[in-house]
Structures are given as C-alpha cells and as structure tokens.
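Me: Here is a structure I have not met before. Please take me through the reasons behind its labels.

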Amino acid sequence: MSAPLTAILIGAGQRGADSYAPYALQNPDLLKFVAVAEPDPKRKESFCKKHQIDSESAFDTWEELLSKPQIADVAFICTQDWMHTEPAVAAMRAGYHVLLEKPMANRADECRLLLDVSRETERQLVICHVLRYTDHFNKMRELIETGVLGEIIQVAHRENVSFWHMAHSYVRGNWRNQTETSPMILAKSCHDLDILPWVLQQKSVEMVSMGALNHFKQENAPEGAPKRCLDGCPVADTCPYYAPFIYLEMAPFWNNVADTTHGFARWASHTYPRNPNMIKALSTVVPILKGITNYQGFPISILDSNPTQENLLKALQEGPYGRCVYFCDNDVVDHQVVMMRMDGGAQVTFTMHGHSHYEHRSTRIEGSHGRLTAEFGLGGSWIEVDEHRTDWHQKFDTSAEIGAGHGGGDFQLVAYFLDSIKNGSFEDAYNGTKEALESHLLAFAAEESRLNKKILTREAWEVEIE
Ligand SMILES: NC(=O)c1ccc[n+]([C@@H]2O[C@H](COP(=O)([O-])OP(=O)(O)OC[C@H]3O[C@@H](n4cnc5c(N)ncnc54)[C@H](O)[C@@H]3O)[C@@H](O)[C@H]2O)c1
C-alpha cells in the first residue's frame, strides 16, 4: 500500500472543512491533511482536532502558511470567491498541485492568470465543478453519446434554487452583494455553464441574458415588519423566510430532502419537522434515522460550528441570518435566463431562479429521435429517456447516498483530483482547467449581456490559451 498524498487546507470553512476534508478521514490511505490556514479560531481548532494537526502546523492566514517551504503534495483552496487567485498562484509557485473552489476567480483576467501559472509551474489546477463528477451528469452525457436522442435540437435546463437557500446565501449570506463577491450567474451558475457544454459536447457561440432582482427589496416588506425576524414580526406565522422557521425548525430543509427522495427516507424527512419526537424515538430502533435527528450540516453549520438550539438562537438575534429578507444589503438577481446557440446547432435555455419550492436542477433535452428529462435534487435524482419511433422508455435512478454532497460530486471530485496527481498527466488536467475557464468566461459574458442588453457572439468572450 502506498503512502497517502499529503495536503494543506486554506480556508477551513463550510466547503474546505465540511465538504472535502472528511474524505481524508474516511480514506486515510489516500489523503492526509498535515497543515491548515484559517483565521477563525473555533474553525481552526475543530479542524486540527479532527485531523490531528499540531499547533506548529496551524496558521491564521494563507500568507503565513505559504511563506513556508512546501510541506505537502497538494493544496485545497477553499476561501471566499474574492480570495482565490492570490493563494492559488502562491501555492502553485511553492510547488503544490491545487484543488481550487469555484469560481476560480471573480474577474476574467485573474482566471486567465491562474491558467498561465498552472502552465508555467506545471502544477495541476483542478476547479471544483463538482457536477462533472456526479453519476447523474455522467449518465446524461453517456446517454447523449449513444445517439438515442438523435440530433439535439433544444435544451431547457433549470437551476431551481429553493426559496430558503436563496434567502440564506443570496439575500442574508455571503453571496448577497455582487460588489463584495460575484454576480449570481458566476457564484451559483458557473456549474451549469460548465456542465451544459460538457454534457452536450458542444460549445456556445452566441448568447443573450436577462434577469433582475424582483422580490427581496424593502418595498416588498410586509407592513410593520421589523429589521430582524425575532423583534416581533407580525407575519412570523406566515412568512416563508421567517428565520426561526428556516434555522430552528429546519422545516424547509427537511421538506426539500423529502421532495426529492423516495420511500421510508421520504416519509421520515417529511415527518421530522412536524413530529420531531416521533422520529427521535424511532431513531433508537432504526439507527439510520440518526442521519436526520443528529444532522448538523448546511445551512445551520454556517450560523455556528456547534449548532445547538441555544447557539442558533443567539446567531439569529445577533448575526446576519436573523435579518428580515426585505431589509438586507443584497443586490444579486433572484432570476436570470441565459439563451445560447451552440456550435453543434442545439439551442439552450438556462434558467436560474431563487423561488423554487424545493432545491433541484431539472433538464429537458429534445432531440430528432428522442427526449430526455431529468431531475437532480437534494434527496435523489433520476433521468428518463423516451425514443420517438419505438416508444422505448427507460428510467435511470442516479441518486447518490442521502447526505452525499452535491449528489456524490464532492467526494468523487476529491477522488478524481488525487488520482490525477498520482496517475494522470499534466496535459489532461490542464485541458480540464481550460474547460473550467470557458464556463467562467460564459458567466462574465452573460452578465455583460444582461447589464448592457446585448446579444454577444463567441468573439466577445473567447480568449486564446496555449
Ligand atoms: N463547489 C461548490 O459547489 C461550492 C458550493 C458552495 C460554495 N463554493 C465556494 O467555496 C468557497 C468557500 O465557500 P464556503 O461556503 O466554504 O465559505 P466559508 O466562509 O465557510 O469558508 C471560507 C473560509 O476561509 C477563511 N479565510 C478567510 N481569510 C483567510 C485567510 N487569509 N487565510 C485562510 N483562510 C481564510 C474564512 O475564515 C472561512 O472559514 C467560495 O468561493 C464559494 O463560492 C463552492
């Protein structure tokens, strides 16, 4: 058995510590974290404890960690959107292969610089486009490759961001204001702008985009609503964005899991917010239910790394997630459409909106010989194919294990990255990074089109890359 690859983590937040690093704990023969940079003392301490990192290898900032000589094979860079380029460039120059969170950068020139440095240093730079590593989208690509749909004529792909996730991340949370972070089409949808050309194996050659922020504005606040939900809100019993409903009851989260899952798991996750005591009692004889009753992940883990009811209540009283959604400093859109013509002739409409009853992506592909429909949700996923002439119909269950981040994509991405370092070639990895760049350029172009009300053709966003 060979030794595990060693890693440093920059940014031990939700993605770094909770989504990717657990892979090392479950696969100690493949990956071991040996150092961390994280300014939040609670997060740093918790990471060090879980991964047995001593205090000499725990730093407050990426600058401190990367000023030391290289101490591991790879760097996971999971800081916020505006803090990707500098640590990624420094890490590659220090000798690390890099797994970098998306968006790779929030400016086109910085995305370009990242590729240049990857080429110059010959360090692999893998971008966390997790959907590429899911069984769901791999199956979709494989089905299209079989030719069962014939010529692809029209694609309608929707990113249905749930009302509670929209409120959490894009109204109250980290991605609410594009001057501080990224426009919604980059922050949320660079995944979709990556996966559509990848699944179809066609490039976008023309696009137009429209979108706006309609709902989460002061003028839509209910009469008498205070600035914070807990300060006597008159619509506490009816507002879907009422913070205790989202974070203390967790009802929308569990309803969302139920909406996209099946059988017993569906019943249990639906029942939990209505009758928590029943599910808690049942979990003593059906241990699998502890996945529900002991759940401490997204979104409550963002309010407090120890999300007890007491800590959550304090966070709602004092922190950003207790704010009324109509009185936040948000400006990102709550709906946007991108229409594209592809070089293979397909026409694609991509719709993102933040008012979905439950979180899922849905896809409909109409071909000359058949149709594909699909749903990719928090609790489960499926793809259906119908052939026009034979009326052949098949349904594929592409669900990952419940709780597997991004339908299994988070862990499968880490597995891919490690394998690519050990057995892959720099050129293959670099080609993947070039494709990631393309999705970011599409997002910047879509934003330009939306803001300037312009139809753009490929020359407007394409860049020459060696
Ligand atoms: N791939 C995906 O599907 C996906 C999903 C969600 C978020 N993201 C992206 O992942 C990134 C991280 O998001 P998150 O939700 O984990 O954010 P987060 O805020 O939870 O984590 C970022 C961490 O970086 C730390 N940090 C700040 N300054 C630092 C410094 N100088 N040195 C080291 N660490 C520093 C912060 O304290 C924080 O703990 C973002 O770019 C986000 O857009 C990707």
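Reply: A backbone N or O atom of Arg-15 lies 2.8 Å from an oxygen atom of the ligand. This is a predicted model: local features need pLDDT of at least 70, side-chain atom pairs count only at pLDDT 80 or more, and totals for chains, interfaces and linings use all residues. Residues are numbered from 1 along each chain as its sequence is written, and side-chain values use heavy atoms, without hydrogens and water.

Me: Why is the pair at Arg-15 called a polar contact?

Reply: A polar contact is a pair of N or O atoms within 3.5 Å; within protein, one must be able to donate a hydrogen and the other to accept it, and residues adjacent in sequence count only if both atoms are side-chain atoms. The Arg-15 pair is at 2.8 Å, so it meets the 3.5 Å limit. For Thr-79, a polar backbone atom is 3.3 Å from a ligand oxygen.

Me: How do you know where the ligand lies relative to domain 1 and domain 2?

Reply: Domain bounds come from an automatic or database domain assignment. Domain 1 (5-127) and domain 2 (132-216 + 332-407 + 437-460) both give residues to the shell, so the ligand lies between them.

Me: What makes E9 and E10 a pair?

Reply: Two strands pair if DSSP finds at least two bridges between them. Strands (E, at least two residues) are DSSP runs, numbered from the N terminus. E9 (335-342) and E10 (347-356) have 7 bridges, in the antiparallel sense. They therefore count as paired. Val-338 stands opposite Phe-350 in E10.

Me: What makes E14 and E15 edge strands?

Reply: Each has a single partner strand, so one side of each is left without a neighbour in the sheet.

Notes:
Helix = DSSP H or I, 4+ residues; strand = E, 2+ residues; numbered from the N terminus.
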